[in-house]
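Let's take a walk through this protein together. Have the sequence and the 3D view ready, and we'll go stop by stop.

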Amino acid sequence: MKYPLFRAALLAINAIWQQPWACVQAFRLDYDKAPLYPGAALFPYSLYHIPWIAYLGPSLRDGIVSSPDIKTESTLDGGILMVAAEDRLDPSNPEHLQRARVLAETLIARTGYQKRSTAPA
């Protein structure tokens, strides 16, 4: 799992499908119910899980202010690529997890994501 490979794949896929957002993420069934390392705050559940690399298209990029801890780059289509770690994402690394949290919060805020209730109607 090398960053350059996943970065290239995400950009290539998005060049074909041209989605407003996309991300490469880590996933564990209980990431929102058990700390990812001792003493860590719970990572909130979302569609984006634990994002490693995130893309926002031009329509979602406008006015974005990124954290100085997040590496960003403009994409050829006018979007933005945001990266939690340029090496393998390690959710047990406090710095990686904090940056992944920033990416998740950015994706949630920019896409209008709202968690759906899983309770029976």
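Before we start, a word on the labels: helices and strands here are DSSP runs, with at least four residues for a helix and at least two for a strand, and they're numbered from the N terminus. Also keep in mind that you're looking at a predicted model.

With that in hand, find Lys 33. It sits in the loop that links β1 (21–26) and β2 (50–56). Is Lys 33 buried or exposed? The cut-off for exposed is over 50% relative accessible area, and Lys 33 has 62% relative accessibility, so it counts as exposed. Its side chain has a partner, too: there's a polar contact of 3.5 Å with the side chain of Asp 32. Now look for Arg 99, which is 66 residues away from Lys 33 in sequence; in space, the two are 19 Å apart, C-alpha to C-alpha.

Next up, the strands on either side of that loop. β1 and β2 belong to an open sheet of four strands, ordered β1-β2-β4-β3, with antiparallel pairing. At the edges you'll find β1 and β3 (71–74), each pairing on one side only. From one strand to the next, the twist averages 15 degrees. Zoom in on β2 and β4 (residues 80–83): they run antiparallel and are joined by four bridges. Here you can spot Ala 54 standing opposite Met 82 of β4.

Last stop: helix α1 (residues 3–17), home of Ile 16. Ile 16 counts as exposed because its relative accessibility is 65%. Together with Ile 13 and Trp 17, Ile 16 makes a nonpolar patch on the surface, and the three share about 380 Å² of accessible area.

Key. Residues numbered from 1 in each chain as written. Predicted model: local features only at pLDDT ≥ 70, side-chain atom pairs only at ≥ 80, totals over all residues. Heavy atoms only, no water. Patch = residues over 30% accessible without salt bridge, like charges linked within 9 Å, V, L, I, M, F, W, Y side chains within 5 Å. Areas by Shrake-Rupley, 256 points an atom, 1.4 Å probe, with all protein chains shown as cover. Salt bridge = Lys/Arg side-chain N within 4 Å of Asp/Glu carboxyl O. Buried < 20%, exposed > 50% of the residue type's maximum accessible area, 1.4 Å probe, protein only. Polar contact = N/O pair within 3.5 Å; in protein donor to acceptor, adjacent residues only side chain to side chain. Pairing = 2+ DSSP bridges. Axes fitted to C-alpha atoms, helices over the stretch in contact; angles between N-to-C directions.
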